[in-house]
Amino acid sequence: MEKKILVAGGLGYIGSHTCVQLREAGYHPVIVDNLSNSEVSVLDGLEKIIGERLPFYEADCQDKEALIGICKKEPGIVGIINFAAYKAVGESVEKPLSYYRNNLNVLISLLEVAEECRMKAFVFSSSCTVYGEAEIQPVTEETPILPATSPYGNTKQIAEEIITDAIHAGMPFKAILLRYFNPIGAHPSAMIGELPRGVPQNLLPYVCQTAAGIRKELKIFGNDYDTPDGTCIRDYIDINDLANAHVKAIDRMLEVKEAPNVEAFNIGTGRGVSVLEIVKTFEKVNGLTLPYSFAPRREGDIEKIWADPKKALNVLGWKATRSLDDTLKSTWKWQMRLQEK
Ligand SMILES: NC(=O)c1ccc[n+]([C@@H]2O[C@H](COP(=O)([O-])OP(=O)(O)OC[C@H]3O[C@@H](n4cnc5c(N)ncnc54)[C@H](O)[C@@H]3O)[C@@H](O)[C@H]2O)c1
């Protein structure tokens, strides 16, 4: 029988790229999304890449009964990937209850559905924000989890605890927590990519919109950090590499009986890159000049963080393969396609 995977939030940025990788690996994604931060046209882009229309159900993933109905209509779902969440850090400070309600209710509903529908695998989209401002870089999965600095970050920490408690209490499936670093880029075909709404909060969408003339100037927050060029350092991971980690996680839970019931993995490149390096590389590979200036530090930004991704390599057989140059080219190609729309 076909192995189907329920992809909650599958029309979003990371979910859509993961659907491509799942299908290429022989899985059949079943997408559920309430379109709160995505568009149904993403299905057209996916169809152009994959060559088939993926099944899509418009539903709120908090709604357990709706999810069970979908599982009945789609026999053969063996696992769930939970991308469905609100993700804007700043907004979460202004609307904490909305973030706790959506992100935690979705998680609990999906865990209950995984149990009731006898699934075998559950992947959760976690984040390197759980490590906060870690003293030692790179961070490993053993690096202590620090108190969250925003309601959004707190939803990730609480979610990890909820999943761990549920698994320890005997849930009949395995779970993997993927702690993403900073996903950037787009599918090389430029048929899917990130769709920022309003003023982008992340660096790359802002860089692209500035290069495209939509924004006047990029503001780099802080050039007096204790880093080689004074700007913040992050671990930027290509979205296609990140998507592939989900396939490896599902493979492991379905195929490796002796694997622990719950595991966490860092999904990053292992290389810290500064904001200024991103800007310079973006300019170089795309032959552009980007207007930018330095602004004071932004509250809540940590100075530096990058991953030690060895566990993902040793256990999942996963590592980042795309170069930063290629990723930044794909980012700009996607922006140009967005302009044509
Ligand atoms: N993008 C990042 O930088 C990043 C970093 C670390 C972790 N994450 C996590 O990865 C996941 C996916 O992130 P993304 O960047 O693809 O975000 P996204 O907003 O592009 O995708 C999330 C999708 O979930 C949907 N959704 C939200 N609430 C829902 C609900 N109640 N029911 C059904 N659908 C719902 C949205 O419509 C959207 O399509 C999120 O959990 C996010 O917190 C993202």
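The paragraphs below go through the surroundings of the ligand and then two helix pairs of this predicted model.

Local features are described where pLDDT is at least 70 and side-chain atom pairs where it is 80 or more, while totals for chains, interfaces and linings use all residues. Residues are numbered from 1 along each chain as its sequence is written, and side-chain values rest on heavy atoms, with hydrogens and water left out.

The ligand is surrounded by 27 residues, of which Asp33, Asn37, Lys87, Asn102 and Tyr152 come nearest; a residue belongs here if one of its heavy atoms lies within 4 Å of the ligand. By class, this shell has 13 nonpolar, 10 polar and 4 charged residues, where Ala, Val, Leu, Ile, Met, Phe, Trp, Tyr, Cys and Pro count as nonpolar, Asp, Glu, Lys and Arg as charged, and the others, Gly among them, as polar. Helix H1 (13-24), helix H5 (96-116), strand S5 (121-127) and helix H6 (151-168) each supply at least two residues of the shell, and S5 gives the most, with 3 residues. These elements are DSSP runs numbered from the N terminus, helices being H or I over at least four residues and strands E over at least two.

Which atoms of Asp33, Phe83 and Lys156 approach oxygen atoms of the ligand? In the side chain of Asp33, an N or O atom is 2.6 Å from a ligand oxygen, and an N or O atom in the side chain of Lys156 is 2.9 Å from one, whereas in Phe83 a backbone N or O atom lies 3.3 Å from an oxygen atom of the ligand. The protein covers 95% of the 820 Å² of accessible area that the ligand has on its own, as computed by the Shrake-Rupley method with a 1.4 Å probe.

H1, which contributes to the shell, also packs against helix H8 (residues 239-255) at an angle of about 65°, with the axes 8 Å apart; axes are lines fitted to C-alpha atoms over the stretch in contact, and angles run from 0 to 180 degrees between N-to-C directions. Tyr13, Ile14, His17, Thr18, Gln21 and Leu22 of H1 meet Ile239, Asn240, Leu242, Ala243, Asn244, His246 and Val247 of H8, contact meaning heavy atoms within 4.5 Å. This contact has 7 nonpolar, 6 polar and no charged residues.

H5, another contributor to the shell, crosses helix H3 (residues 64-73) at roughly 40°, their axes coming within 9 Å. On the H3 side the contact is made by Lys64, Leu67, Ile68 and Cys71, and on the H5 side by Ser109, Leu110, Glu112, Val113 and Glu116, giving 5 nonpolar, 1 polar and 3 charged residues.

Methods: A polar contact is a pair of N or O atoms within 3.5 Å; within protein, one must be able to donate a hydrogen and the other to accept it, and residues adjacent in sequence count only if both atoms are side-chain atoms.
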